[in-house]
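Student: Got a minute to go through a structure with me? I'd like to get the overall picture and then poke at a few residues.

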Amino acid sequence: MGRRGKLWSLPFQEGETLLKYEEKAAGALDAPDAALTDLFRIFRQIRYGGQKASPEMLYRLR
């Protein structure tokens, strides 16, 4: 896998939580742990925290 990884090669399993998926992705993808943590934190803020996605949020992932 490349530096960014390919999330589509890691499908969610039935009943799998986002936290468990994050742990699985961290072990399988060739990406810095901090980058994955930031990505999933932002996803949780948008999905479960009711925040709207913004360019600033995505810029922090660079």
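Tutor: Sure, we'll start with the overall fold and then move to helix packing and single residues. Keep in mind that this is a predicted model.

Student: OK, how many helices and strands are there in the protein?

Tutor: There are 3 helices and 0 strands. Going along the sequence, you read the pattern α-α-α.

Student: And what share of the residues counts as buried?

Tutor: 21% of the 62 residues in the protein. As for contacts, take the ones between residues at least 6 apart in sequence: 27% of those join residues at least 24 apart.

Student: Let's zoom in on H1. Which residues are buried there?

Tutor: H1 covers residues 18–28, and its buried residues are Leu18, Tyr21, Glu22 and Ala25. If you look down the axis of H1, those buried residues fall within an arc of 105°, so they line one face of the helix.

Student: What does the face turned away from the buried side carry?

Tutor: Exposed residues: Leu19, Lys20 and Gly27 are on that face of H1.

Student: Then what covers the buried residues of H1?

Tutor: Helix H2, residues 33–47, is part of that cover.

Student: How do H1 and H2 pack, angle-wise?

Tutor: The angle is about 160°, and the axes are 10 Å apart. H1 and H2 are therefore roughly antiparallel to each other.

Student: Is the crossing left-handed or right-handed?

Tutor: H1 and H2 make a right-handed crossing.

Student: Which residues meet there?

Tutor: From H1 you have Leu18, Tyr21, Glu22, Ala25 and Ala26. They meet Asp33, Leu36, Thr37, Phe40, Phe43 and Arg44 of H2. Sorted by class, the H1 contact with H2 has 7 nonpolar, 1 polar and 3 charged residues.

Student: Back to Glu22 for a second. Why does Glu22 count as buried?

Tutor: Its relative accessibility is 11%, and buried means under 20%, so Glu22 makes the cut.

Student: What does Glu22 touch, leaving out residues up to four places away in sequence?

Tutor: Leu36, Thr37, Phe40 and Arg44. Those residues are also in the H2 set that meets H1.

Student: New topic: where is Phe12 found?

Tutor: Phe12 is in the segment before H1.

Student: Buried, exposed or partly exposed?

Tutor: Phe12 has 48% relative accessibility, so it counts as partly exposed.

Student: And what does Phe12 touch, again not counting residues up to four places away?

Tutor: Thr17, Leu18 and Tyr21. Of these, Leu18 and Tyr21 are among the buried residues of H1.

Student: Last one. What separates the C-alpha atoms of Phe12 and Lys24?

Tutor: They are separated by 9.7 Å, with the two residues 12 apart along the chain.

Note on methods. Residues numbered from 1 in each chain as written. Predicted model: local features only at pLDDT ≥ 70, side-chain atom pairs only at ≥ 80, totals over all residues. Heavy atoms only, no water. Buried < 20%, exposed > 50% of the residue type's maximum accessible area, 1.4 Å probe, protein only. Helix = DSSP H or I, 4+ residues; strand = E, 2+ residues; numbered from the N terminus. Arc of directions from axis to C-beta. Contact = heavy atoms within 4.5 Å. Axes fitted to C-alpha atoms, helices over the stretch in contact; angles between N-to-C directions. Parallel < 35°, antiparallel > 145°, perpendicular 65-115°, else oblique. Left-handed = near helix turned anticlockwise from the far one by under 90°. Nonpolar A, V, L, I, M, F, W, Y, C, P; charged D, E, K, R; others polar.
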